[in-house]
Amino acid sequence: MKKQTPVKEQLLELLKKNHELSIEEIMQHFSISEIAIRKHLKGLVSQKFVNIIQHKQEIGRPYHTYQLAEKGHEYFPNQYQQLSVQLLEDIEDIYGKDAVNAILKKQIDRFEQMLKNDLGKTKTEEKLHIFMEKQNKKGYMFERFISTDGSTLLINYHCPFKEAAVKYPSICKHEERMLSDLFSEGKITVHSLITDGGICCKWKINISNT
């Protein structure tokens, strides 16, 4: 039997994915009472995981929404210790930026090869499932949606390498190349990136659902 995720964790994940929500929007995702949800939100606010954003209106009463605080973002797994920005900066100072990019490429190449070994000759549907499962175990937050035109939208709401990727955007380029290699049966198009200020990374994969 699958263990149920605690309500507070569900709230943090919901705000991570949606950036900012009103209590009415939050309640659409829960079957428990609004009083119970407000109690959980109050606890998250007092613990500084969540911020309350006040909104004034020209007509009608002011209202507020909820948004993850920095501490809330830090709740999700990250791999900063494994990919230290300071270490990369030291390498750049000694050997130059090309050396840093070569190291980042090698890291992603290694992971890509591991994925290829696991994926084998599986069909696209299974490949997507395995890819997301392995990435999420590394601290990402991947979901997949099907567009009206039948293409796949691959969305990631959390980047465990954000600090390093902002400093060295070649990480995103290498990941895009990895996706193109893994799903060579289709065309990959980048729609948004967290490092560019987006609330998520979004790639469109034009492949048939096989």
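Buried means under 20% relative accessible area, exposed over 50%, and partly exposed in between (1.4 Å probe, protein chains only). The model is predicted, so local features need pLDDT of at least 70 and side-chain atom pairs count only at pLDDT 80 or more, while totals for chains, interfaces and linings use all residues. Residues are numbered from 1 along each chain as its sequence is written, and side-chain values use heavy atoms, leaving out hydrogens and water.

**Exercise 1.** Describe the surroundings of K71, starting with its exposure.

*Solution.* Begin with the area: at a relative accessible area of 38%, K71 is partly exposed. Next, look for contacts (heavy atoms within 4.5 Å). Leaving aside residues up to four places away in sequence, K71 touches Q47, K48 and F49. Finally, check the charge: the charged end of K71 sits over the ring of F49, 4.7 Å from its centre. Here "over" requires NZ of Lys or CZ of Arg within 6 Å of the ring centre and within 35 degrees of the ring normal.

**Exercise 2.** Classify the ring pairs that F142 forms with Y140 and with W203.

*Solution.* Recall the rule: rings of Phe, Tyr and Trp (its six-membered ring) pair if their centres lie within 6.5 Å; planes under 30 degrees apart are stacked, over 60 edge-to-face, the rest tilted. For Y140 and F142, the centres are 5.7 Å apart and the planes at 35 degrees, so this pair is tilted. For F142 and W203, 5.9 Å between centres and 20 degrees between planes make a stacked pair. Now add burial: Y140 has a relative accessible area of 6% and is buried, and both F142 and W203 are buried too.
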